Amino acid sequence: LLSVQLSPSHRRLVVHGHAVDLTCEVPAVAGEWGRWLGIFQAESWPDGVTPARGRVLPFTPEDVMRCVSPNAVAAHYPEQILDIYREGEQYWLVDDRWGICHLNILKRTWTSWVIAQPRLDNVRLLEMSILWPMAQVLRGKGLHLLPAVGVSRDGFSLLLISAANLTAELQALASAGFKIIGQ
């Protein structure tokens with residue numbers, strides 16, 4: 001087994017059997033990852049494992065410009081409130097609320113650059129800079145992560161799948177005696 005002492009900004013995860021190497025240098029995001037990703041944290045991976053790799057960095061124009069391709073074309077997704085560009089296996093997600101993300105689906109890598117004053121709360125920032133890109137790169141290995149929450153009461157369980165924020169609904173369900181069993 002491969003076991004190495006990691007820096008505070010570096011995490012090794014196993015997400016439903018898939019290795020993920022994650023580095024985060026944005027305090028607002030790193031402050032949330034223990035709560036949202038702590039259950040996936042691993043001390044080591046078996047030898048020979050090639051992990052997906054993600055980085056979350058502060059936005060600097062120089063770094064971003066080195067990774068953006070002038071040949072990328074806009075991908076039209078009318079339901080999105082952000083811009084997505086594509087060139088081959090590479091994608092760039094541009095969202096003026098928080099920053100930009102570069103994905104390489106074949107290499108299973110992503111880098112997210114977070115602007116200095118994002119207009120998203122820290123949990124949403126973690127979702128956009130880590131969870132969404134991680135879901136995209138792991139999908140190619142057969143793992144489909146969904147924006148969902150599981151609730152249960154008296155032997156009845158329900159899976160709520162929604163891209164919308166369900167905080168008010170979850171509070172009402174918790175007040176009615178439901179337990180949140182997975183999110």
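Visitor: Let me start with one residue, A28. What is its relative accessible area, and what does that make it?

Guide: A28 has a relative accessible area of 27%, so it counts as partly exposed. The reasoning needs two cut-offs: buried means under 20%, and exposed means over 50%. One thing to keep in mind throughout is that this is a predicted model.

Visitor: Where does A28 sit, and which residues does it touch beyond its sequence neighbours?

Guide: You'll find A28 in helix α1. If you skip the residues within four places in sequence, A28 is in contact with N122 and L125. Take L125: 97 residues separate it from A28 along the chain, yet their C-alpha atoms are 8.0 Å apart in space.

Visitor: How far apart in space are E169 and T109, which are 60 residues apart in sequence?

Guide: Going C-alpha to C-alpha, E169 and T109 are 34 Å apart. E169 belongs to helix α4, which covers residues 167-175. With 41% relative accessibility, E169 falls in the partly exposed class.

Visitor: Back to α1. At what angle do α1 and α3 pack?

Guide: Their angle is about 70°, and the two axes are 9 Å apart. To name such an angle, use the rule that 65 to 115 degrees counts as roughly perpendicular. So α1 and α3 are roughly perpendicular to each other.

Visitor: Which residues meet where α1 and α3 come together?

Guide: From α1 come A28, V29, E32, W33, R35, W36 and L37. On the α3 side they meet N122, V123, L125, L126, S129, I130, L131 and M134. Sorted by class, this contact has 11 nonpolar, 2 polar and 2 charged residues.

Visitor: S129 is on that list. Is S129 buried or exposed?

Guide: S129 is buried, because its relative accessibility is 0%. S129 is part of helix α3. Apart from neighbours within four places in sequence, its contacts are V29, V56, W98, W110, S112 and V114.

Visitor: Now the strands. In what order do they line up in the sheet?

Guide: To read a sheet, go from strand to strand across it. Here the order is β2-β3-β5-β10-β9-β8-β7-β6, an open sheet of 8 strands with mixed pairing. β2 (10-15) and β6 (73-75) are the edge strands; each has a single partner, so one side of each lacks a neighbour in the sheet. From one strand to the next, the twist averages 20°.

Visitor: Which helices pack on the sheet, and which strands do they touch?

Guide: Helix α1, residues 27-37, packs on the sheet and touches β2, β3 (18-24) and β5 (52-58). The direction of α1 makes about 155° with that of β3. Helix α3, residues 122-139, also packs on the sheet, touching β2, β3, β5, β8, β9 and β10 (109-114). For α3, the angle with the direction of β10 is about 165°.

Visitor: β3 keeps coming up. In what sense does β3 pair with β2, and in what sense with β5?

Guide: With β2, the pairing is antiparallel over 6 bridges. With β5, it is parallel over 5 bridges. V20 in β3 is a handy marker: L13 stands opposite V20, and V20 stands opposite A52 in β5. β2 and β3 also make a hairpin with 2 residues between them, and H16 in that turn has a positive phi of about 50°.

Visitor: How many residues of β3 are buried?

Guide: The count is 7 of 7, so β3 is mostly covered. H18, V20, L22 and C24 point one way, while A19, D21 and T23 point the other way. For C24 in particular, a relative accessible area of 2% puts it in the buried class.

Visitor: C24 is a cysteine, then. How many disulfides are there?

Guide: A disulfide is a covalent bond between the sulfur atoms of two cysteines. The test is whether two sulfur atoms lie within 2.5 Å, and here the count is 0 disulfides. C24 is in no disulfide, as its nearest cysteine sulfur, in C101, is 12 Å away.

Visitor: Why doesn't C67 form a bond with the closest cysteine sulfur?

Guide: Because the closest one, in C101, is 11 Å from the sulfur of C67, too far for a bond. C67 has 27% relative accessibility, so it counts as partly exposed.

Technical notes. Residues numbered from 1 in each chain as written. Predicted model: local features only at pLDDT ≥ 70, side-chain atom pairs only at ≥ 80, totals over all residues. Heavy atoms only, no water. Pairing = 2+ DSSP bridges. Helix = DSSP H or I, 4+ residues; strand = E, 2+ residues; numbered from the N terminus. Axes fitted to C-alpha atoms, helices over the stretch in contact; angles between N-to-C directions. Contact = heavy atoms within 4.5 Å. Buried < 20%, exposed > 50% of the residue type's maximum accessible area, 1.4 Å probe, protein only. Parallel < 35°, antiparallel > 145°, perpendicular 65-115°, else oblique. Nonpolar A, V, L, I, M, F, W, Y, C, P; charged D, E, K, R; others polar.
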